[in-house]
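This report walks through one protein model for a reader who is new to structures. Please keep the sequence and the 3D view at hand while reading.

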Amino acid sequence: MAERKVLNKYYPPDFDPAKIPKLKLPKDRQYVVRLMAPFNMRCKKCGEYIYKGRKFNARKETVQNESYLGLPIFRFYIKCPRCLAEITFKTDPKNTDYTAEHGATRNFQAEKLLEEEEKRMQKEREEEELNNPMKVLENRIKDSKLEMEILENLEELKELNQRQANVDFEAMLKQYKELEEEQRRKEQEEDEQEVKAMLQQAQDRRLLVDSDSDEEPAERRPNPAAQRKPAAVLREGPRGKRPRTESWERSAGKLSSRARLAGLVARRKQKPRPALDNGMETPGTTATTGSLPAAAAVSSLGLLGAYEDSEDSEDSASG
């Protein structure tokens, strides 16, 4: 099976294109095409307006025995969307336009005819001036007179309008200036009011802050512990020992109180000496024994030392 989309097809050696039968189609054959209305038109039967750009399914055919410089002219058949009447128009290659032929009239046709007439007159005038220089001079004089007349008519119309209107331009300018000044004055007043309102708000806030500060208690004294330097904490001793020492002091008392500690020391009873039995007392012993209570009251540590010395002396005496 041959491919469908190949560019080169096989032709046998004995192929003769003249033997291919040709289709005999009529010259006035019509084709169905989709087009838009080339101009505004109105149906002659029902009066329906058909605007430019409206789409139709039209039949297209070639006009027989008509051409322009070898270009064929085509005719189109459409139907009115309201009454289904047939409307025809054909191409106009001479004017690069379309012409209505049957079933409808073209709108704004008068304007088109006027433009065509102006073009025709301009063309005739150029042809006359080309061969006749006196005609050129006459046309220039006519144009200048026409321009003067137009300017005079325009001036008359301006004067007539001024008389009827009775407009005082100076009064208008003065009124405009007054309005501008009044508007400027209003803007200044509004700005001043806004500034005053802002100042009043700021003053109210300041008074409110002052009243709040008066109602507050006296200023707190600065905490010296909070203002100390971090290095000072390291120099101080531990704080945990202080409450423990105080609790111990409450229970047992202070170590430095010598009077309290002296009451805890018990004295040993001395053995009677033979000298005492005989009623003889030595001044040294009497002074020693008499000085013991005074020493106990003065210092507990001194009492302990004196007690030990007395024992040593007794041991030496007995020995």
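## Salt bridges and their partners

A search through the whole of this predicted model turns up 12 salt bridges. As general background, side chains of opposite charge can pair when their charged atoms come close. Three of these pairs are set out in the table below, each with its N to O distance.

| Acidic residue | Basic residue | N to O distance |
|---|---|---|
| E48 | R82 | 3.7 Å |
| E86 | R59 | 2.6 Å |
| D143 | R125 | 2.7 Å |

The salt bridge between E48 and R82 links distant parts of the chain, since E48 lies in the loop between β2 (41-43) and β3 (49-50), while R82 lies in the loop between β5 (71-79) and β6 (86-92), 34 residues apart. Is E48 buried, partly exposed or exposed? Its relative accessible area is 21%, and because buried means under 20%, E48 counts as partly exposed. Its partner R82 has a relative accessibility of 57%, and therefore R82 counts as exposed, the cut-off for that word being over 50%.

In the pair of E86 and R59, the closest N and O atoms are 2.6 Å apart. This pair also links distant parts of the chain, with E86 in strand β6 and R59 in strand β4 (residues 55-68), 27 residues apart. Both partners are partly exposed, with a relative accessible area of 36% for E86 and of 29% for R59.

The salt bridge between D143 and R125 takes the reader to the helices, because D143 belongs to helix α2 (residues 133-165) and R125 to helix α1 (residues 109-131), and the two residues are 18 residues apart in the chain. D143 is partly exposed at 32% relative accessibility, and R125 is partly exposed at 28%. Elsewhere, salt bridges that share partners join E61, R75 and E101 into one network.

## The nonpolar core

Which residues have the most contacts inside the largest nonpolar core? This core has 15 residues, and those with the most contacts inside it are L35, M41, I50, I78, I87 and F89. The strands β2, β4, β5 and β6 each supply at least two residues of the core.

I78 is a useful residue to follow in the 3D view. Leaving aside residues up to four places away in sequence, I78 touches L35, F56, A58, A85, E86, I87 and F89. Among these neighbours, L35, I87 and F89 are also listed with the most contacts inside the core, whereas E86 is the residue that forms a salt bridge with R59.

## Aromatic pairs and a surface patch

As a general point, a pair of aromatic rings is described by the distance of the centres and the angle of the planes. In this model the count comes to five aromatic pairs. The rings of Y11 and F15 have their centres 5.3 Å apart and their planes at 50 degrees, so this pair is tilted. Y11 is exposed, with a relative accessible area of 55%, and F15 is partly exposed at 39%.

The aromatic pair of F39 and F89 is edge-to-face, with 6.0 Å from centre to centre and 75 degrees between the planes. F39 sits in the loop between β1 and β2 and F89 in strand β6, so that the pair links distant parts of the chain, 50 residues apart. Here both rings belong to buried residues, with a relative accessible area of 3% for F39 and of 2% for F89. F39 and F89 also belong, with F76 and Y98, to one aromatic cluster.

Y11 and F15 appear once more at the surface, where these two residues and I20 make a nonpolar patch of about 330 Å². F15 is found in the segment before β1 (31-36).

## The chain as a whole

The protein chain has 10 helices and eight strands. Of its 319 residues, 13% are buried. The accessible surface comes to about 28700 Å², and 54% of it belongs to carbon and sulfur atoms. Among contacts between residues at least 6 apart in sequence, 40% join residues at least 24 apart.

Key:
Residues numbered from 1 in each chain as written. Predicted model: local features only at pLDDT ≥ 70, side-chain atom pairs only at ≥ 80, totals over all residues. Heavy atoms only, no water. Patch = residues over 30% accessible without salt bridge, like charges linked within 9 Å, V, L, I, M, F, W, Y side chains within 5 Å. Areas by Shrake-Rupley, 256 points an atom, 1.4 Å probe, with all protein chains shown as cover. Salt bridge = Lys/Arg side-chain N within 4 Å of Asp/Glu carboxyl O. Helix = DSSP H or I, 4+ residues; strand = E, 2+ residues; numbered from the N terminus. Buried < 20%, exposed > 50% of the residue type's maximum accessible area, 1.4 Å probe, protein only. Core = buried A, V, L, I, M, F, W, Y, C linked by side-chain atoms within 4.5 Å. Contact = heavy atoms within 4.5 Å. Phe/Tyr/Trp six-rings, centres within 6.5 Å; stacked < 30°, edge-to-face > 60°.
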